[in-house]
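Student: Could you take me through one chain of this model closely, and then show me how its partner meets it?

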Amino acid sequence: MTSEAIGAPTAAAQPRQKSELMQQRVRAARLFLLPMMIALAVVAGWPLARSIYFSFTDATLNDLYGAEWIGFGNYLQIRVLESGRTIYRGVLADPAWWNAVWNTVRFAFWSVLWETILGMIVALVLNAEFKGRGIVRAAILIPWAIPTIVSARMWSWMLNDQFGILNDLGMRLGLLNAPVAWTASPDTAMLAVLVVDIWKTTPFMALLILAGLQMIPKDIYEAAEIDGVHPVKQFFRITLPLVRPALMVAIIFRVLDALRIFDLIYVLTPNSAATKTMSVISQENLFQFNNFAEGSAQSTLLFLLIAIFTILYIWLGKVNFDGGDR
Amino acid sequence: MTGSFDLWKLTKGVLFYALVIAIVVIAVFPFYYAILTSFKAGTDLFRINYWPTSFSLANYQSVFSQGAFPRNLLNSVFVASVTVALALFLAVTASFALSRVRFRGRGLLLMTILAVSMFPQIAVLAGLFEVIRFLGIYNTPWALIFAYTIFTLPFTVWVLTTFMRDLPVEIEEAAIVDGATPWVIITQVFMPLMWPALVTTGLLAFIAAWNEFLFALTFTVSNQTRTVPVAIALLSGGSQYEIPWGIIMAASVIVTVPLVALVLIFQRKIVSGLTAGGVKG
């Protein structure tokens, strides 16, 4: 393998010595990387390959090693009966799966949209100079620091139909006529999940956007001020285009996170078809309903979906990396 | 003329501070309410108050006396600490190689590490279950330490690599002239400079491991081996109407207070660590 030196060698006597040094460094680097690469192969690479393999077999939870290859059977099976009727089976023909896909997409879209809007507002507030800015920044870190499970339980207590404080508040303010069973009712379950997720994740979004805002040079605004540009126009013509690379990366980061959501939904709205996402349905099939192979197929499909977004993220991230960093 | 201008300015100021107060109240209220609830006992629990009216430690006493919660707490501390130590140990040398040495395939390797940190955990769940059963660590804390490496390791490598890339070349050159090997450079020259970065990444990885739910739910099955998130999620009464909300809130507060304290103490470092892992990455 060839290697490149950090600096170009200048003197005639030096190159040999320097390249020996570089070779020593490259050898050391390979040795240094080995433990990490082995660790990642064992905890990520191999399990991923096995999960995908299981999705093409008839494996069950109790009999992983006796699994036999059945091709795409877990994904889609088309059988024509003698009567001429065609029967579709497998994950891709399962309405419960498509319901989970729809829930996941719906959740990801609405949560990321609101987190972006609210995150932008919070970031703009934090980017302004005012008394008590430190307190606001400390306060918004609290939802972020609270474990998801804890926030799910905190909110399910606040959203409780009989003793919940939010029903009480809503009725006192005249917004509600009667208490609502927010998490139990299929009509409001998704709304409840969205509210909790937006509450918990907006701070993260705000901090990422804030980092982008702080990279915008101040003199651009000074120039705009002198030219008499209206602040709203300043936001759409200066702030938004300049913060866009950071914003795009933050959005895709959040989309990836939203697509794999599991814990909040599992705890806040257990067994609700209105909120069950791809991760939840897959985990249930794998370890609770003894449909190991089908669960593997579902997790593989989710992996494919997220892989597409990851490629998009790295691609956009690289654009940002070359342009914005140093 | 000036009067109306001042009025406009005043209105703007009032609206701005109203927004600020709204942000703070919304951010803090749920946690405040959880603390409030955790100090209520008996039928007080079902009276809705916005301010503290009674004070009782009964819920905290039952959290520590009933069930396996103290044990769960210990499990969480153990799992998160060992996971972080392991990740930092593997990441320090790896990120030296990734940030200070040029070699072929470095960019590809960095991309792979980033891609792994984006993995949906569910995608490896089935295969990880097989490996964990094979290793005979199913239903032990080691299963979780093993599994958590999938998200702590890529994250620590990534953040430490961005940090080390910014260390001045001169320090390293001086060490090379003195005949220091790469190992000596890492341990004697870089490590003392890296404490802030190690603390930040360690803390963020600790929080991630402390909060993890999916792996903990799947790879541990008994009360004695569970971590706190799973224990809190599974705390329930005999029926839907007997959910012990007071105890749940007390347990939640116990689990969250140390995290909130750590986050507030290391505020600045955490924000910079998050942005290094997010925006730059």
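Tutor: Happy to; we start with chain B and then turn to the side of chain A that touches it. This is a predicted model, in which local features need pLDDT of at least 70, side-chain atom pairs count only at pLDDT 80 or more, and totals for chains, interfaces and linings use all residues. Residues are numbered from 1 along each chain as its sequence is written, while chains are lettered from A and ligands numbered from 1 in the order in which they are written.

Chain B has 12 helices and zero strands; here helices (H or I, at least four residues) and strands (E, at least two) are DSSP runs, numbered from the N terminus. Its C-alpha atoms fill a box of roughly 75 × 70 × 30 Å along the principal axes. The radius of gyration of chain B is 24 Å, whereas a compact globule of 281 residues would have one near 19 Å; the radius is taken over C-alpha atoms, and the globule rule is 2.2 Å times the number of residues to the power 0.38. Of the 281 residues in chain B, 45% are buried, meaning that 20 or more other C-beta atoms, placed from the backbone, lie within 10 Å of the residue's own.

The domain assignment, which is automatic or from a database, splits chain B into domain 1 (2–59) and domain 2 (65–278). Taken over C-alpha atoms, the centres of domain 1 and domain 2 of chain B are 33 Å apart. Nine residues of domain 1 of chain B are in contact with eight residues of domain 2 of chain B, where contact means C-beta atoms, placed from the backbone, within 7 Å. On the domain 1 side, helix H1 (residues 2–38) of chain B gives the most, with five residues. That side of domain 1 divides into five nonpolar, three polar and one charged; Ala, Val, Leu, Ile, Met, Phe, Trp, Tyr, Cys and Pro count as nonpolar, Asp, Glu, Lys and Arg as charged, and the others, Gly among them, as polar.

Now for the partner. Between the chains, 85 residues of chain A are in contact with 74 residues of chain B. Helix H1 (residues 14–54) of chain A gives the most to the side of chain A that touches chain B, with 20 residues. The residues on that side of chain A comprise 60 nonpolar, 16 polar and nine charged.

Methods:
Two residues are in contact if their C-beta atoms, placed from the backbone, lie within 7 Å. A residue is buried if 20 or more other C-beta atoms lie within 10 Å of its own, exposed if 12 or fewer, and partly exposed in between; C-beta atoms are placed from the backbone.
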